[in-house]
Amino acid sequence: MKQLFYLGIFISGIIVGQVDKSMDFCSRQNSLAKWLSVENSLTENQERIDVTFYDLFFKIYPEDESINGRTIVHATVKDSGLTAIDLDLKDGYVIDSVLVNGQSADYTYSSDLLSIQLAMVEPPDIGTEFEAIIGYSGDPQSYDFGSFSFDSHQGENLIWTLSEPYGARGWWPCKDDPSDKADSVNIVVNVPDHLIVASNGSLISEETNPHGRKTYSWHESYPMATYLVSLAIYPYQYWEDTYINADGDSLPLTYYVFPDHYGSLYENYLETKDMMGAFEESFGPYPFFGEKYGHAEFGWGGGMEHQTLSSMGGWSDWLIAHELAHQWWGDMITCADFHHIWLNEGFARYGEALWAEYDEGIDAYHTYWANHAFYGGGTVFVENATSVSEIFNGQLTYNKAGWVVHMLRHVVGDDVFFDMLKAYANNDSLKYASATTEDFRDVCEDFTGLDLHDFFNQWIYGERYPRYQVLYDTSPENAVSIQVNQIQSWQLFHMPVDIRITTTDSVYNYFVDQMGESTLYIFDIPDSEPILNVELDPDNWILKSVEVLEIGQEPPLPGVFSLDSPYPNPFNGRVNIPFAIGHDSDLTFSIQNIMGQTVWKKNAFYPIGNHILNWQGRRGDGTDLPSGLYFFTIQSPEKSLRQKILYLK
């Protein structure tokens, strides 16, 4: 062991030796092969056009759950060879009429594709503009994406949409791909007059019609992906708030809520303007400042970041922060396809942690990430973007993707990170458009001057996490030698890493570039200062596991499993629950009330080491719990441990 440890020449405070990068190269080749194998879901004709405008009209009949629709599509030819206008539309509608440039057109309609033939001898030239008008009718409720729902709440009709990833085609004909945003969208909806229609952008008009109906006209003046077009329809209770930015400009915050929920959600919704200020400071100006931001309640249990008006199935501060962050990351800059959905969801998850930092401080930020760690397999890059469950994998697309953003912050440094995000937000080619992982990487590299290929390759296209073994020796005179090994079997990681050496007199912090299977570092530490502790990544900036041993020290026995006292206890906002495990393990965490009812539960894999779990006195759905005595239980495959927690609001 000691011969392996003393590699190279002793040079104070720098890398002395690195070995074996073959695993890195192999992983990179495999990842590239995955990326090159991605199939394009667009037809050749769809690739040849650029949609510039949608004009949508819907007459909705809740009594028989049907719609009459009319879609006007404006587009420009961007590549030669166009033979037909291909629009995605789920099978089952009755097509009433199809016009191209005012003339009736032939079409075929099958396999979820409406293909409109062009009445031309030769394909149109690049730059040619055209208008297609499609009239249709039917029942969108029968379609499998759940994109258009006839629902109810408290005995009243509730109609809502959620089209991500591929559901827009379930209720209107479109080029249903996030890579092509229309420059603007009109959304006109006719409904029974007791209903209120909330949608994207600005409300242009609200007109009462004969026969007990009403028409709402909305206009989204910013570019928008098809899956972000939305309707939320109900006899809502409506209220407004106002956000005022640093320049004194005001933005209306509009809320469409179920009347029976108003008293419960009002206080949390008031936090939106504080979150807006925090995110503008970190990300840059709210992208749709000329219009609005708001929430509309709908019938799904989560949230959806519909542009300028998030659809909300709850009102926790985490959900509010998540959907608001999406207005920058997902709506203004949208993933080019759903293989790269982490650019939406990972950034929105990061918004939750950022709000915790603004609201409660940096410790809350780090606790958030400790609670959202994922150590399992699979790539953040979605290999099968035809699978909705794979696209929205909670551990990979959300948690690990959020960790990528968290880690990137430390790699580039706090002084650079947020300015880098603003540069990404303001990139001329990406703002109000779409991006891939490589687009984001290139912006980061251009802004920082760093080579970040390894970082994105290993964390987006590679799997799992580094397992570090740290061996240190204090025998060299006036120096400490530290060897960092990577002992995982799946891939090697190239990461800058913090090393902290605590002595009886001082704390020494170093930031080193760790790569390869084994790296040796030598640091000048006076012999007069005995070493108390050596830590690698002490502030938890890397998704990892760590084992630290002094030369001659025996490694800990596997199977050590402990649950320490929660703190603070009693608590009234957030309680930290420390625990340790002696080997990698699947764990179950749960909290019971004094009646023995489970009010919160989490299953997760954790690697060997010390960890802290955080709880905020809420149920699993984010709703608040009453004050009282609760019991926290942690269950490993071998045994369970329990601690009491007193919650005082």
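## A tour of the salt bridges and nonpolar cores

Begin by selecting D112, which at 25% relative accessibility counts as partly exposed (a class lying between buried, under 20% relative accessible area, and exposed, over 50%, with a 1.4 Å probe and protein chains only). The model is predicted, and for that reason local features need a pLDDT of at least 70 and side-chain atom pairs a pLDDT of 80 or more, whereas totals for chains, interfaces and linings use all residues. Residues are numbered from 1 along each chain as its sequence is written, and side-chain values use heavy atoms, leaving out hydrogens and water.

**First stop: D112 and K90**

Keep D112 selected and add K90, since these two form a salt bridge whose closest N and O atoms are 3.3 Å apart (the term asks for a side-chain nitrogen of Lys or Arg within 4 Å of a carboxyl oxygen of Asp or Glu). D112 sits in the loop between β7 (107–110) and β8 (113–117), while K90 is found in the loop between β4 and β5 (94–100), 22 residues apart (strands are DSSP runs of E of at least two residues, helices runs of H or I of at least four, numbered from the N terminus). Unlike its partly exposed partner D112, K90 counts as buried, at 9% relative accessibility. Across the whole structure, a search finds 17 salt bridges.

**Second stop: D88, R169 and G170**

Next select D88 and R169, whose side chains meet in a salt bridge with an N to O distance of 3.9 Å. This pair links distant parts of the chain, 81 residues apart, with D88 in strand β4 (residues 84–88) and R169 in the loop between β11 (156–161) and β12 (184–192). D88 is buried, its relative accessible area being 8%, and R169 counts as buried too, at 17%.

G170 also has its place in the loop between β11 and β12, and at 1% relative accessibility it counts as buried. If you then show V548, you will find its C-alpha atom 55 Å from that of G170, the two residues being 378 residues apart along the chain.

**Third stop: D317, R618 and helix α6**

Which residue meets D317 in a salt bridge? Select R618, for the two side chains meet at 2.7 Å, N to O. D317 lies in helix α6 (residues 317–326) and R618 in the loop between β35 (609–615) and β36 (628–635), so the salt bridge ties together parts that are 301 residues apart in sequence. Both ends are buried, D317 with a relative accessible area of 8% and R618 with one of 15%. Returning for a moment to the second stop, you can add D176 to the selection, as salt bridges that share partners join D88, R169 and D176 into one network.

Now widen the selection to the whole of α6, where ten of the ten residues are buried, so the helix is largely enclosed by the rest of the structure. Among these buried residues are W318, L319, H322 and E323.

**Last stop: the nonpolar cores**

Finally, select W342, L408, Y424, F440, I482, M495 and F632, the residues with the most contacts inside the largest nonpolar core, which has 114 residues (a core is a set of buried Ala, Val, Leu, Ile, Met, Phe, Trp, Tyr and Cys residues joined through side-chain atoms within 4.5 Å). Centre the view on F440, which, leaving aside its neighbours within four places in sequence, is in contact (heavy atoms within 4.5 Å) with W342, L343, F347, L408, L421, Y424 and F456. A second, separate core of 69 residues includes L82, L87, W218 and M304.
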